[in-house]
Amino acid sequence: MNPVRQPVLAAGLTALATAATLGLAPGAAVAAPAASPRISVNWFGAADVRAHTATVGGRFDCGAERGLAYIEVHLEQRARRGTVTGFGFGVIGACTDERTAGTWTATIPADQGAFRPGPATTIARLVVEPNSLTETTERVRLHPHCARP
């Protein structure tokens, strides 16, 4: 039988003592981490040139958070003579035990100029009151808005 080296034995005993102190000994229950909120943006949106607005949407998941919830959306699109920007909200109500995920839509008015069909960049934030904020920045392609009769 090979002799055990002293430093290896000491390191093993130290790790075992630390694990036992933290409650991570074999057989101890370890709580799963709470799910965090998530937000995503659809690849396509709609630009209404006449109304000077764009509409984008996506999905949200509240995770373990509960409370009043809403979506903030910043939209930016490069134009020939500068940049068109806008800001809007998507109202989703509340994150409750019965409603933890779903879809959202926001119509964003242009600050100046008009959104046009083409690529744009969105910054979407899922806010769950009182203190949860999740953000994503994604590219989106705006298609022409088709009025329905």
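This passage walks through the fold, the core, one buried residue and the salt bridges of a predicted model.

The chain holds 1 helix and 8 strands. Starting at the N terminus, the order is α-β-β-β-β-β-β-β-β, so the helix comes before the strands. Of the 149 residues in the chain, 30% are buried. Contacts reach a long way along the sequence: among those between residues at least 6 apart, 66% join residues at least 24 apart. As for the outside, the chain exposes about 10,000 Å², and carbon and sulfur atoms supply 56% of that area.

Next comes the inside. The largest nonpolar core counts 25 residues, and the members touching the most others are Leu75, Trp104, Phe115 and Leu142. Two or more residues of this core come from each of β1 (38-41), β3 (53-61), β4 (67-79), β5 (82-95), β6 (101-109), β7 and β8 (132-144).

Thr122 gives a closer look at one of these strands. It sits in strand β7, which spans residues 118-128. With a relative accessible area of 1%, Thr122 falls under the 20% cut-off and therefore counts as buried. Leaving aside residues up to four places away in sequence, Thr122 touches Val41, Val56, His74, Leu75, Thr136, Thr137, Glu138 and Val140. One of these neighbours, Leu75, is also among the core residues that touch the most other members.

Then there are the charged pairs. Side chains of opposite charge can pair when their charged atoms come close. The whole structure has 4 salt bridges. In one of them, Asp61 pairs with Arg38, with the closest N and O atoms 2.9 Å apart. This pair links distant parts of the chain, as Asp61 belongs to strand β3 and Arg38 to strand β1, 23 residues apart. Asp61 is partly exposed at 22% relative accessible area, while Arg38, at 53%, counts as exposed.

Another salt bridge joins Arg66 and Asp97, whose closest N and O atoms are 3.0 Å apart. Here both partners are in loops: Arg66 lies between β3 and β4 and Asp97 between β5 and β6, so the pair ties together parts 31 residues apart in sequence. Arg66 is partly exposed at 33% relative accessibility, and Asp97 is exposed at 63%.

Arg125 and Glu135 also form a salt bridge, with 2.6 Å between the closest N and O atoms. Since Arg125 is in strand β7 and Glu135 in strand β8, this pair ties together parts 10 residues apart in sequence. Glu135 is partly exposed, with 44% relative accessibility. Through shared partners, salt bridges join Glu72, Arg125 and Glu135 into one network.

Terms used: Residues are numbered from 1 along each chain as its sequence is written. This is a predicted model: local features need pLDDT of at least 70, side-chain atom pairs count only at pLDDT 80 or more; totals for chains, interfaces and linings use all residues. Side-chain values use heavy atoms; hydrogens and water are left out. Helices (H or I, at least four residues) and strands (E, at least two) are DSSP runs, numbered from the N terminus. Buried means under 20% relative accessible area, exposed over 50%, partly exposed in between (1.4 Å probe, protein chains only). Contact means heavy atoms within 4.5 Å. A nonpolar core is a set of buried Ala, Val, Leu, Ile, Met, Phe, Trp, Tyr and Cys residues joined through side-chain atoms within 4.5 Å. Accessible areas come from the Shrake-Rupley method with a 1.4 Å probe; for residues, only the protein chains shown count as cover. A salt bridge is a side-chain nitrogen of Lys or Arg within 4 Å of a carboxyl oxygen of Asp or Glu.
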